[in-house]
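Biologist: I am new to this structure and would be grateful for a close look at a single part of it. Please describe how one helix is placed against its surroundings.

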Amino acid sequence: MKMISLSFRRYYLDYFLLKQDFYGDVIDIGGKKANTRGAFKPPMERVSSWKFCNIDPNVEPDYLCSAAQIPTKKGSFDIGLLCEVIEHLENPKEVLKESFRIIKPSGKLIGSVPFMYPKHADPFDFQRWTEQKLILELQEAGFQGIKVYHMGGTLAVVWDMLRIKFESGGIFTRLGRLFLKTLSFFILIYYRGKEEQAFDNTSGFFFIAKRG
């Protein structure tokens with residue numbers, strides 16, 4: 001079993017994304033065409049198109065714009081992707097409503113949000129949502145049939161916290177990284193087969209919401 005090289009959040013994000021059935025026209029809101037991380041790559045062989053929306057020109061988006069005002073007509077996409085974006089938004093309600101607008105009635109929104117995870121500015125970090133808050137906001141935006149999955153338990157949360165702590169530099173960092181790489185192997189064994197289990201403490205949530 002492969003040890004974690006990035007974070008358990010990235011491990012779980014890859015796990016859930018690789019399980020999804022992507023099809024038709026997809027828009028990756030806040031996604032990056034360039035400078036990507038993780039194992040998941042857009043399955044271009046299974047979709048008609050995969051567009052990126054971002055405010056950062058360095059990641060080469062197809063739509064260089066705010067996620068709250070995407071210049072495309074209503075019902076343009078079969079699937080919207082909103083991964084690790086909500087925490088960075090000053091106006092998450094508007095972005096969810098805009099996501100609802102541009103997704104076809106038969107489509108869905110797929111995404112993720114962190115919960116027990118350190119602050120990470122991109123360029124800002126504004127909030128953490130509980131599972132109940134996430135469901136409420138998606139419902140108010142118009143989405144139905146919402147499914148929410150927990151992204152790891154206490155061990156995954158602690159590992160990610162320590163990983164960031166050990167990035168400060170020096171011999172402590174080198175020893176810390178060696179310790180974490182070894183520890184990740186045993187944590188993966190512990191969580192194997194439990195990827196979709198609910199935990200009291202979790203690094204975040206992955207969700208799928210239907211556009212009714």
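Modeller: The following account concerns helix 2 and its surroundings, with a short note on one loop residue at the end. It should be said at the outset that this is a predicted model.

Two packed helices are described by the angle between their axes and the distance between the axes. Helix 2 covers residues 92-102 and helix 3 covers residues 131-141; their axes come within 9 Å and cross at roughly 50°. That angle makes helix 2 oblique to helix 3, since an angle under 35 degrees would count as roughly parallel and one of 65 to 115 as roughly perpendicular. The crossing in which helix 2 passes helix 3 is right-handed. On the side of helix 2, the contact is made by K93, L96, K97 and F100, and on the side of helix 3 by E137, L138, E140 and A141. Of the residues in this contact, 4 are nonpolar and 4 are charged, with no polar ones.

Burial adds to this picture. The buried residues of helix 2 are P92, V95, L96, E98, S99, F100 and I102. The cover over these buried residues includes helix 3 together with strand 1 (25-29), strand 4 (77-83) and strand 5 (103-114).

The loop residue is T202, which lies between helix 5 (171-191) and strand 7 (204-210). T202 counts as buried because its relative accessibility is 2%. Its side chain reaches the backbone oxygen of G152 at 2.8 Å. Leaving aside neighbours within four places in sequence, T202 is in contact with F115, M116, H150, M151, G152 and V157.

Technical notes:
Residues numbered from 1 in each chain as written. Predicted model: local features only at pLDDT ≥ 70, side-chain atom pairs only at ≥ 80, totals over all residues. Heavy atoms only, no water. Axes fitted to C-alpha atoms, helices over the stretch in contact; angles between N-to-C directions. Helix = DSSP H or I, 4+ residues; strand = E, 2+ residues; numbered from the N terminus. Parallel < 35°, antiparallel > 145°, perpendicular 65-115°, else oblique. Left-handed = near helix turned anticlockwise from the far one by under 90°. Contact = heavy atoms within 4.5 Å. Nonpolar A, V, L, I, M, F, W, Y, C, P; charged D, E, K, R; others polar. Buried < 20%, exposed > 50% of the residue type's maximum accessible area, 1.4 Å probe, protein only. Polar contact = N/O pair within 3.5 Å; in protein donor to acceptor, adjacent residues only side chain to side chain.
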